[in-house]
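Grab the model and work through these exercises with me. Each one sets a task and then solves it step by step.

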Amino acid sequence: MQVYRRHDPTGAPLPLVLDSPHSGTSYPADFAHLPPRAVVRRAEDTHVETLFACAPDAGATLVEALFPRAYIDPNRHPSDMDPAVLEEPWPGPVARSRKTELGIGLVWRLAQGGVPMYARPLSVADVERRIALYYEPYHAAVAAALDERYRRFGAVWYLNCHSMPAVGDVMSDDPGRERAEFVLGDRDGTTCEPEFTAFVAATLSAMGYEVAINDPYKGVELVRKHGRPAERRHSLQIEINRRLYMDEVSLARTAGFNALQEDLVRLMEALADYVRARA
Ligand SMILES: [Zn+2]
């Protein structure tokens, strides 16, 4: 069972790390979800790892999760536990976030459309197994990639890569609203130097994209955990609007996929220059 895949730089490494925590499509055999697989799969950030496959050519390391985020979500704090998915009390700390209120905490209670994910609650042992076998190894892989670069360069820039539905749904804070083409999240300026956010926004804007910052997505656990700008650990979440590259129902790539992928090559080249100038 492979939990993640790590793609290292093809040439000289830069202190630049990307990850795609939500594009995994290897559904574990014990994931007994109630809705059809096609509905559960709409939680995925499908194809994000392919959109950023150019990253190693720019000197970056890319870590991609292979498991589905609807099974266990690596972009949540381990305490973001929904008691409603459990048949017994959780023995560890519980600090429910807004995500759990929306049904999309560490273990999702709801699938797309707000329908229940499970026919019956899970045991504590089920969830502990998911944390030990998937969540923790993925977090260790991201941390290792960041720490390796940080040790060598004394600084690291981390781009946490996602995609988002074109329109807010019932499991979001902006139901019915059309999203920008890209949303950058630095948790209101706390997870990276402001120049990093501004540089990515300006690079995408110059390509003609509409970019929003911290609206509606501010970034969640991975950028929070690894964003310590005072230590020169800079973390930024990037959300790509799925209408740019895929059909949200069939999950198939659309005609826009290749053009977007070419623009992301240019973004990675620009980021490599940015990092090289500061490392
Ligand atoms: Zn995501």
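**Exercise 1. Work out the spacing of the zinc donors along the chain, then place them in the fold.**

Step 1: the donors of the zinc ion follow H-x22-D-x116-H along the chain. This is a predicted model, where local features need pLDDT of at least 70, side-chain atom pairs count only at pLDDT 80 or more, and totals for chains, interfaces and linings use all residues. Residues are numbered from 1 along each chain as its sequence is written, and side-chain values use heavy atoms, with hydrogens and water left out.

Step 2: put names on the pattern. The protein donors are His 22 (ND1), Asp 45 (OD) and His 162 (ND1), at 2.0 to 2.1 Å from the zinc ion. Donors here are N, O and S atoms within 2.8 Å of the metal (3.2 Å for Na, K and Ca); water is not among the atoms, so sites may look incomplete.

Step 3: locate two of them. Asp 45 sits in the loop between α1 (37–40) and α2 (48–51), while His 162 belongs to strand β6 (residues 156–164), 117 residues apart. Helices (H or I, at least four residues) and strands (E, at least two) are DSSP runs, numbered from the N terminus.

Step 4: check exposure. Both Asp 45 and His 162 are buried, meaning under 20% relative accessible area (1.4 Å probe, protein chains only).

**Exercise 2. Find how many aromatic pairs there are, and classify two of them.**

Step 1: fix the rule. Rings of Phe, Tyr and Trp (its six-membered ring) pair if their centres lie within 6.5 Å; planes under 30 degrees apart count as stacked, over 60 as edge-to-face and the rest as tilted.

Step 2: count. That rule gives 11 aromatic pairs.

Step 3: take Tyr 27 and Phe 31. Their ring centres are 5.9 Å apart with planes at 0 degrees, so this pair is stacked. Tyr 27 and Phe 31 are both buried.

Step 4: now try Trp 157 and Tyr 274. This pair is edge-to-face, at 6.3 Å centre to centre with 90 degrees between the planes. It ties strand β6 to helix α7 (residues 257–278), with the two residues 117 apart. Trp 157 is buried at 0% relative accessible area, and Tyr 274 counts as buried at 4%.

**Exercise 3. Lay out the order of the strands in the open sheet and see which helices pack on it.**

Step 1: the seven strands run β1-β3-β2-β6-β9-β7-β8, with mixed pairing. Two strands pair if DSSP finds at least two bridges between them.

Step 2: the edges are β1 (4–7) and β8 (211–213), each pairing on one side only. From one strand to the next, the twist averages 20 degrees.

Step 3: zoom in on one pairing. Strands β7 (residues 182–185) and β9 (residues 233–241) are antiparallel over four bridges.

Step 4: add the helices. Helix α4 (residues 124–153) lies across β1, β2 (16–20), β3 (61–65), β6 and β9, at about 175 degrees to β3. Helix α5 (residues 194–206) touches β6, β7, β8 and β9, and makes about 30 degrees with β9. Contact means heavy atoms within 4.5 Å; axes are lines fitted to C-alpha atoms, for helices over the stretch in contact, and angles run from 0 to 180 degrees between N-to-C directions.

Methods. Buried means under 20% relative accessible area, exposed over 50%, partly exposed in between (1.4 Å probe, protein chains only).
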